[in-house]
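Trainee: I would like to learn how to read helix packing and chain contacts in a model of this kind. Could we go through it together, feature by feature?

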Number of protein chains: 2
Amino acid sequence: MQDVAELQLLFKKYLDENQFHQKPTGLYEPINYILSLGGKRIRPVLLLMGCNLFSDNIAQALPASFAIEIFHNFSLLHDDIMDEAPLRRGKPTVHVKYNQNTGILSGDVMLVYAYEFFLQLDNKIRIPDIIKTFNQVAIEVCEGQQHDMDFETRNDVSIDEYIKMIEQKTAVLIAGGLKIGAIIGGALEEDSNHLYEFGRNIGIAFQLQDDILDTYGDPEKFGKKVGGDIVQNKKTFLVIKALELGNEDQHTRLSHLMNFDSNDENAKIEAVKSVFNELQIREAAEQLMESYLVLAFEHLAAVNVPEEKKKVLIKLSNELMGREV
Amino acid sequence: MQDVAELQLLFKKYLDENQFHQKPTGLYEPINYILSLGGKRIRPVLLLMGCNLFSDNIAQALPASFAIEIFHNFSLLHDDIMDEAPLRRGKPTVHVKYNQNTGILSGDVMLVYAYEFFLQLDNKIRIPDIIKTFNQVAIEVCEGQQHDMDFETRNDVSIDEYIKMIEQKTAVLIAGGLKIGAIIGGALEEDSNHLYEFGRNIGIAFQLQDDILDTYGDPEKFGKKVGGDIVQNKKTFLVIKALELGNEDQHTRLSHLMNFDSNDENAKIEAVKSVFNELQIREAAEQLMESYLVLAFEHLAAVNVPEEKKKVLIKLSNELMGREV
């Protein structure tokens, strides 16, 4: 098995060789821009790992890994327009750097190019199956984004609905990438499905971890401002769980804090956290996260390849969960 | 060969049976809305005709015809956002009836569903080829829209650039639909390519006709206000040709008229038309349009099927060009 750094390098090389030099530049330059903003390339690397579990020919999965990365960046691009986000990875978002119409149209053509790269796979027979898997993922990502937007104006979002939303918006793309990698590598359907379930469950765990760290993370290690979700009144797992568990007084305090923007951000963060702490929300979130991790690793264990080959996947998962191994 | 009305009915039935009832409704309702706005369903009907030239099994092409119609409406939906258009076929556009974010996201998922319907074709072996053809079309449609937006701020657009833009924005979708229909019907590559060229050339002719009718059409027959393009300062073929052919005086008059919005729309229309008339722009446009029609029918003639089978395509083309047969 190739390790994470090797796969990242392999992917980076493929990405560099596949810059969009087509015309009109107004359409293609923003694509190179957003793809250049970097990140850890988790999704394409996981796809390559999915392939590598079943085949030593990793290169054959590179077009699909690029397709997944293009799709991911397409969804970030359009989400940033919808969320009116000014920054992405510390740089101006596409609709800010260029303009909104460019953001819409460059995103559209990125989605088409995702399919174009799937078509470049050597094994043409597998293409319909791979696109079928990808379509399901792409549809769920859109549905998840719609749920996320719908939730902003709702006060009765349940934990189940929230988990479903993060599953669709985040987890299925990780799951689908792993499964597509496995299909390309020649996996049996049962194994590629276990890998999908591994990705789906670990994706939900990642997102719950993200919610926890945003409020309880170590300011030294956490990239963004700790408490950012609270300041922005985001309906994270922590908030939804607190509204579910809280008594009338706690409910009122939390609702009040979320409905009024405070001049003193730190005071607001502390006040919200004290409601969370009274209800042991952090513990509830960590417990739920652990249960998804357990499920994830059960599915990984069921994949019928030598355990040795799974080590790199387990290592990357632990790194992403911020755990020493 | 089935006639136009029969094919329209067949398509309408398929569309009705494939309404989007999925959740969340906020994502799917706008898709049913825009698809219900109607129109003559030219693109799917042409795709079915492309199939019918080579096969009596038209039903097998219905999923692809729906894919093309979904894609067409996706592009209208996103273009309407970019153009800030309030109305589409006399009804509120999606971003007006719902909101902009819905317009972006529902459009995105429509594009995914176009691929989803291509996957429903019975003959799985042909799917990669069909998606390849479709991707090329979809990419060109996006490029054409970008060129169209770029042209708004340019004063040096050439006739060649304009033709290329309308080819990409309008003609290749007609061409691609015909070709995909032919592939589904089992056509040889040579024949499906001739059909593509028929569609591409006739698509350019349609758009030139549209430019001519917008200024010179019969107010009784023309659905919109005659002269609308002039009022909106649109850079149609007529304007670009006049700027190319005009002397300094004509150039100055036309530029002046296009740079200032007039309170008297009819006076503006007449003043612009008098520049066109001095330069015989209508004749130049009609001549060019005829040359594309000739090319189109040459390619149709080269398609190796009995002439009898082509009659319905010729009839529909003539109807669309507003010609009695």
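Trainee: Which hand does the crossing of α6(A) and α4(B) have?

Mentor: The crossing of α6(A) and α4(B) is left-handed, a term used when the near helix is turned anticlockwise from the far one by less than a right angle, whereas a clockwise turn is called right-handed. Helices here are DSSP runs of H or I with at least four residues, and strands are E runs of at least two, numbered from the N terminus. This is a predicted model, in which local features need pLDDT of at least 70 and side-chain atom pairs count only at pLDDT 80 or more, while totals for chains, interfaces and linings use all residues. Residues are numbered from 1 along each chain as its sequence is written, with chains lettered from A and ligands numbered from 1 in the order in which they are written.

Trainee: At what angle do the axes of α6(A) and α4(B) cross?

Mentor: Two packed helices are described by the angle between their axes and the distance between the axes. The axes are lines fitted to C-alpha atoms, for helices over the stretch in contact, and angles run from 0 to 180 degrees between N-to-C directions. For helix α6 (residues 100-118) of chain A and α4(B), the axes come within 9 Å and cross at roughly 160°. α6(A) and α4(B) are therefore roughly antiparallel (angles over 145 degrees; under 35 count as roughly parallel, 65 to 115 as roughly perpendicular and the rest as oblique).

Trainee: Which residues make that contact?

Mentor: Two residues are in contact if their C-beta atoms, placed from the backbone, lie within 7 Å. From α6(A) come A:Asn101, A:Ile104, A:Leu105 and A:Asp108, and from α4(B) come B:His78, B:Ile81 and B:Met82. By class, this contact of α6(A) with α4(B) has 4 nonpolar, 2 polar and 1 charged residues, where Ala, Val, Leu, Ile, Met, Phe, Trp, Tyr, Cys and Pro count as nonpolar, Asp, Glu, Lys and Arg as charged, and the others, Gly among them, as polar.

Trainee: How do α1(B) and α3(B) pack?

Mentor: Helix α1 (residues 4-17) and helix α3 (residues 42-52), both of chain B, pack at an angle of about 110° with their axes 9 Å apart, and α1(B) and α3(B) are therefore roughly perpendicular to each other. Their crossing is right-handed. B:Val4, B:Leu7, B:Gln8 and B:Phe11 of α1(B) meet B:Pro44, B:Val45, B:Leu48 and B:Met49 of α3(B), a set that divides into 7 nonpolar, 1 polar and no charged.

Trainee: How many residues of chain B are in contact with chain A?

Mentor: On chain B, 31 residues are in contact with 31 residues of chain A. The elements giving two or more residues to that side of chain B are α2 (25-36), α4 (62-82), α6 (100-118) and α7 (127-152), and α7(B) gives the most, with 14 residues. The residues of this side divide into 18 nonpolar, 7 polar and 6 charged.

Trainee: What turn lays chain B on chain A?

Mentor: Copies are superposed by least squares on the C-alpha atoms of residues with pLDDT of at least 70 in both. A turn of 180° with a shift of 0.0 Å along the axis lays chain B on chain A, with an RMSD of 0.0 Å. The two copies are thus related as by a two-fold rotation axis. The same surface serves both copies, as 100% of the contact residues of chain B recur in chain A.

Trainee: What ipTM does the predictor give the complex?

Mentor: The complex has an ipTM of 0.96 and a pTM of 0.96 from the predictor.
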